[in-house]
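Biologist: Could you take me through one part of this model up close? I'd like to hear about a single sheet, strand by strand, and how far to trust the model first.

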Amino acid sequence: MKYFLLPTHLAFLYSFALSKPVQIATRNNGLGSEIAVSEGDILLRRGRRSAINCESCLWPKSQDGLVKVPINISSDFSLTERSWIADALQEISTLTCVQFVNRTTETDYVYVERGQSCWSYFGKIGGRQAVGLVKNGCMDKGAIQHEMNHALGFIHEQARSDRDRFVKIMWEHIVAGEQGNFGKVNSKNLGLPYDYSSVMHYGAYDFSSTPGKPTIVPVPDPSVPIGQREGLSNLDVAKINKLYKCNCCSSVLPKPRGSFSSVNYPSPYPNSSNCLWLIRIHRSKIFLQFEAFDLQPSPDCSSDYIKIYNGNSKNSPVLLDKYCGKGPLPSLVASGSTMLVEFASDESITATGFRASYNRVNCGDTFTESNGVITSPNYPSKYPKNRMCFWVISSPVGYKISLKMLSFELEHSDRCIYDYLLIHDGSRPTSPAVGPYCGTEKVADFTSTGNFVLVEFHSDIVWELPGFMMSYTFGR
């Protein structure tokens with residue numbers, strides 16, 4: 001199995017929530033005199049600095065423009081844990097030129113071991129370079145990325161030289177003896193803004209001596225959240241790409257809803273582009289739709305195209321293969337909480353590009369098989385309250401989609417305004433629809449006029465009933 005990982009440059013001892021100084025102290029007791037501990041969780045070779053200030057500390061770039069970091073993951077981790085690690089590092093490899101590859105015979109490599117705490121060396125140190133991960137501390141995606149970012153050469157965000165403009169350290173609330181975890185360094189900061197959303201930022205209550213008393217307060221707005229571990233922020237990606245001089249056009253879209261477009265839209269997009277947008281929503285599914293679409297047409301869309309993946313990498317299943325020309329473009333639902341959108345253009349003529357938006361939905365999927373079944377959540381048990389679900393059915397061009405309701409029981413109301421089902425003749429919520437249906441009324445068989453159907457289901461906060469089951473088939 002191939003793992004794609006991030007360059008390592010920072011020996012770093014770190015407990016996931018940064019609230020386990022005992023674990024850190026235990027790990028530090030076994031360190032030799034040639035190792036210094038910075039900020040309580042970063043291991044430094046004597047005399048080493050952040051890669052941001054030390055070009056010789058970076059992992060080297062190959063002639064192909066990629067920074068390849070050999071990695072070996074200890075067999076002490078379960079297969080599930082290894083998949084978590086691989087997934088976290090794959091996100092880095094997808095959005096940057098840093099690629100983690102399985103170590104074969106390389107002398108310099110990263111060895112991910114099960115530790116008593118979470119820690120990493122700072123930057124590339126040479127030889128077998130360990131990164132420690134503890135099962136009940138740093139197995140979340142952002143925590144794994146945090147450790148590997150240290151190994152790439154990145155400091156904690158709140159340790160930046162300019163941090164006092166953005167956060168206030170509440171020294172009086174810090175556990176005695178742990179004040180050293182809140183120092184500053186003389187960092188260059190790559191010319192990029194301070195990032196409250198970075199995976200490298202401490203949480204508000206890390207190392208707090210008193211429950212409910214924060215150790216870090218954002219300024220001027222203390223309500224700004226800090227210390228997330230969901231995954232790389234957009235600025236985390238930008239920092240890696242700038243530090244390692246990656247020629248990458250990539251963005252992270254972590255909000256529950258948002259929009260994005262091709263470069264320069266609605267003016268023509270540039271030639272020779274290759275851009276990625278990673279949509280990542282916490283514990284939900286993603287509904288994506290295009291408001292405008294105009295790409296240079298070509299046979300098999302070999303020149304300019306959009307391609308959409310059901311996951312966080314180009315190795316994920318394809319939701320929509322290369323698509324070009326003028327719209328309409330179908331709406332899509334990811335089966336999980338991540339979706340990757342790829343846009344490429346060649347060196348010839350361009351067009352105006354695209355504009356897209358996305359939203360969070362509780363449930364749904366995209367179906368491309370010639371037949372299948374769609375059911376309400378938990379069917380045949382009762383569906384949950386307060387759900388919004390979208391299922392998109394996509395048939396090949398020239399084929400229509402036929403639906404047949406097999407079982408149907410929703411909450412009844414006069415105008416079906418509480419729990420209801422809509423069937424759209426197209427893939428968008430604005431496409432013509434039949435319904436809404438509710439109660440136990442008969443849902444008539446339905447055949448689309450084109451090759452897309454959107455099935456939309458809503459439940460409110462009161463009743464829960466068995467729901468529905470319908471089948472679909474493709475036909476000419």
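Modeller: Sure, confidence first. This is a predicted model, with a mean pLDDT of 87 for the chain and 88% of its residues at 70 or more. Residues 1–35 are another matter: the pLDDT there is below 50, though the stretch has 169 contacts in the model beyond near neighbours in sequence. Where pLDDT is low, the predicted coordinates should not be read in detail.

Now the sheet. It is an open one of four strands, ordered β22-β29-β24-β27, and the pairing is antiparallel. The edges belong to β22 (371–375) and β27 (446–447); each has a single partner strand, so one side of each is left without a neighbour in the sheet.

Let's walk across from β22. Five bridges tie it to β29, residues 467–475, in antiparallel fashion. To find that pairing on your screen, look for Val373, whose bridge partner in β29 is Ser471. Next, β29 pairs with β24 (residues 400–409) over nine bridges, antiparallel again. Here Gly467 of β29 sits opposite Glu409. The last step goes from β24 to β27, an antiparallel pair joined by two bridges, with Ser402 opposite Thr447 in β27.

One more thing to look at is the loop between β28 (452–459) and β29, where you'll find Ile461. With a relative accessibility of 61%, Ile461 counts as exposed, because the cut-off for that is over 50%. Together with Val462 and Trp463, Ile461 makes up a nonpolar surface patch with about 350 Å² of accessible area in total.

How values were computed: Residues are numbered from 1 along each chain as its sequence is written. This is a predicted model: local features need pLDDT of at least 70, side-chain atom pairs count only at pLDDT 80 or more; totals for chains, interfaces and linings use all residues. Side-chain values use heavy atoms; hydrogens and water are left out. pLDDT is the predictor's confidence in each residue, from 0 to 100. Contact means heavy atoms within 4.5 Å. Two strands pair if DSSP finds at least two bridges between them. Patches are made of residues with over 30% relative accessible area and no salt bridge: like charges are joined within 9 Å, nonpolar side chains (Val, Leu, Ile, Met, Phe, Trp, Tyr) within 5 Å. Accessible areas come from the Shrake-Rupley method with a 1.4 Å probe; for residues, only the protein chains shown count as cover. A salt bridge is a side-chain nitrogen of Lys or Arg within 4 Å of a carboxyl oxygen of Asp or Glu. Buried means under 20% relative accessible area, exposed over 50%, partly exposed in between (1.4 Å probe, protein chains only).
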